[in-house]
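Hi,

Here is the structure I promised to pass on. Have a look at it first, and then read my notes below.

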Amino acid sequence: MKKYYIMAVSDDCNVGIYDAILVPKFSDSKGSYGLNPWYAGPEIYGESIPDLPSEMVLIEKRKYAFDIKKGSAFFYVGSRNFVNCLAQIKHNITQIKYISCVDSKNIERTDRSLAVLVTKHFMQNDCMENPSKDIEIKSIVFKKNWNYDLFDIRNISSGQASFFCSEHAKNIFEKMGVHCVKFIPLENINLGLSTHKDELYMP
């Protein structure tokens with residue numbers, strides 16, 4: 001049986017909530033940036049997130065060194081190293097856009113090469129043998145023909161906010177030196193994920 005993991009923040013990089021804002025331009029950070037589709041999500045904008053604008057800036061209010069991080073419920077921020085891994089795995093990422101990264105004073109982070117990653121969220125029925133409204137206590141079992149290596153699921157426990165990955169993807173991430181991630185085997189936890197909630201808020 002194919003083995004899967006939940007990607008969580010490694011202990012040496014767990015610095016709490018990601019203090020960053022993704023906006024078209026720096027001045028937009030003072031407005032209602034949460035109305036942008038990559039924050040507001042498809043409930044407002046339709047079935048999927050619209051194409052990202054041609055120019056975007058990520059304002060990181062602290063200094064980070066991760067390779068993959070969740071920016072909101074609808075996008076991730078990944079390093080060039082992480083993006084380079086994607087050609088070797090099957091994933092549900094539909095948009096990849098390299099962006100500028102600055103600090104809170106609009107000074108460029110020259111040590112960071114980052115991209116915004118937008119995924120097509122799968123539903124339980126797409127990939128799970130045991131879809132259920134009673135999701136907090138059921139263990140995760142993927143369909144036998146499920147062949148994605150990296151993906152996320154939309155209608156799942158509120159405590160789960162991370163990518164799932166296959167052992168194949170895990171091996172590639174480790175070989176490529178993807179930083180600040182640890183891999184929790186699915187058989188160790190159930191969909192409630194209460195014991196891992198803090199670390200699973202990110203990536």
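**What I found**

Let me start with one residue: leaving out anything up to four places away in sequence, Lys170 touches Tyr5, Cys165 and Phe183. Keep in mind that this is a predicted model. Lys170 sits in helix H5, which covers residues 167–175. Is Lys170 buried or exposed? With a relative accessible area of 15%, Lys170 falls under the 20% cut-off, so Lys170 counts as buried. One of its contacts, Cys165, is buried too, with a relative accessible area of 0%.

**Around strand S1**

Tyr5 takes us to strand S1 (residues 4–9). Six of the six residues of S1 are buried, so the strand is largely enclosed by the rest of the structure. Which strands does S1 pair with? One is S9 (residues 164–166), which runs antiparallel to S1 and is joined to it by three bridges. Here Tyr5 stands opposite Cys165, and those are two of the residues that Lys170 touches. Another is S10 (residues 181–185), also antiparallel, this time over five bridges. In that pairing, Ile6 has Ile184 as its bridge partner.

**The six-stranded sheet**

Next, follow the open sheet of six strands, which has mixed pairing and the order S2-S3-S6-S7-S5-S4. At its edges you will find S2 and S4 (68–72), each with a single partner strand, so one side of each has no neighbour in the sheet. On average, neighbouring strands of this sheet are turned by 35 degrees against each other, if you ignore direction.

Further in, S6 and S7 run antiparallel and are joined by six bridges. If you want a spot to zoom in on, try Ile96, which stands opposite Leu117 in S7. The loop between S6 and S7 holds Asn106, and I come back to that residue below.

**Two nonpolar cores**

How many residues are in the largest nonpolar core? There are 27, and Leu22, Leu58 and Phe75 touch the most other members. Strands S2 (20–23), S3 (57–60), S5 (75–79), S6 (93–102) and S7 (114–119), along with helix H1 (37–40), each supply at least two residues of this core. S2 gives the most, with four residues.

Leu58 is a good place to see how this part of the chain comes together. Setting aside neighbours within four places in sequence, Leu58 is in contact with Tyr18, Ala20, Ile21, Leu22, Val77, Ile99, Ser100, Cys101, Val102 and Leu114. Cys101, from that list, counts as buried at 3% relative accessibility.

There is also a second, separate core of 21 residues, and its members include Met7, Phe82, Leu117 and Val178. You have already met Leu117 as the residue opposite Ile96.

**Aromatic residues**

The structure holds 17 aromatic pairs. One of them is Phe82 with Phe173, a stacked pair at 5.0 Å centre to centre, with 20 degrees between the planes. This pair links distant parts of the chain: Phe82 is in helix H3 (residues 80–85) and Phe173 is in helix H5, 91 residues apart. Phe82 counts as buried, at 0% relative accessibility, and Phe173 is likewise buried, at 0%. H5 is the helix that holds Lys170 as well.

If you prefer a group to a pair, look for the aromatic cluster formed by Tyr4, Phe122, Phe142, Trp146, Tyr148, Phe151 and Phe164.

**Cysteines and backbone**

How many disulfides does the structure hold? Zero. A disulfide, in case you want the reminder, is a covalent bond between the sulfur atoms of two cysteines.

Finally, a word on phi. Most residues other than glycine have a negative phi. Asn106 has a positive value, near 70 degrees, and this loop residue between S6 and S7 counts as partly exposed at 41% relative accessibility. Cys180 also has a positive phi near 70 degrees. Cys180 lies in the loop between H5 and S10 and is buried, at 9% relative accessibility.

Happy browsing!

Conventions. Residues numbered from 1 in each chain as written. Predicted model: local features only at pLDDT ≥ 70, side-chain atom pairs only at ≥ 80, totals over all residues. Heavy atoms only, no water. Buried < 20%, exposed > 50% of the residue type's maximum accessible area, 1.4 Å probe, protein only. Contact = heavy atoms within 4.5 Å. Pairing = 2+ DSSP bridges. Core = buried A, V, L, I, M, F, W, Y, C linked by side-chain atoms within 4.5 Å. Axes fitted to C-alpha atoms, helices over the stretch in contact; angles between N-to-C directions. Disulfide = S-S within 2.5 Å. Phe/Tyr/Trp six-rings, centres within 6.5 Å; stacked < 30°, edge-to-face > 60°.
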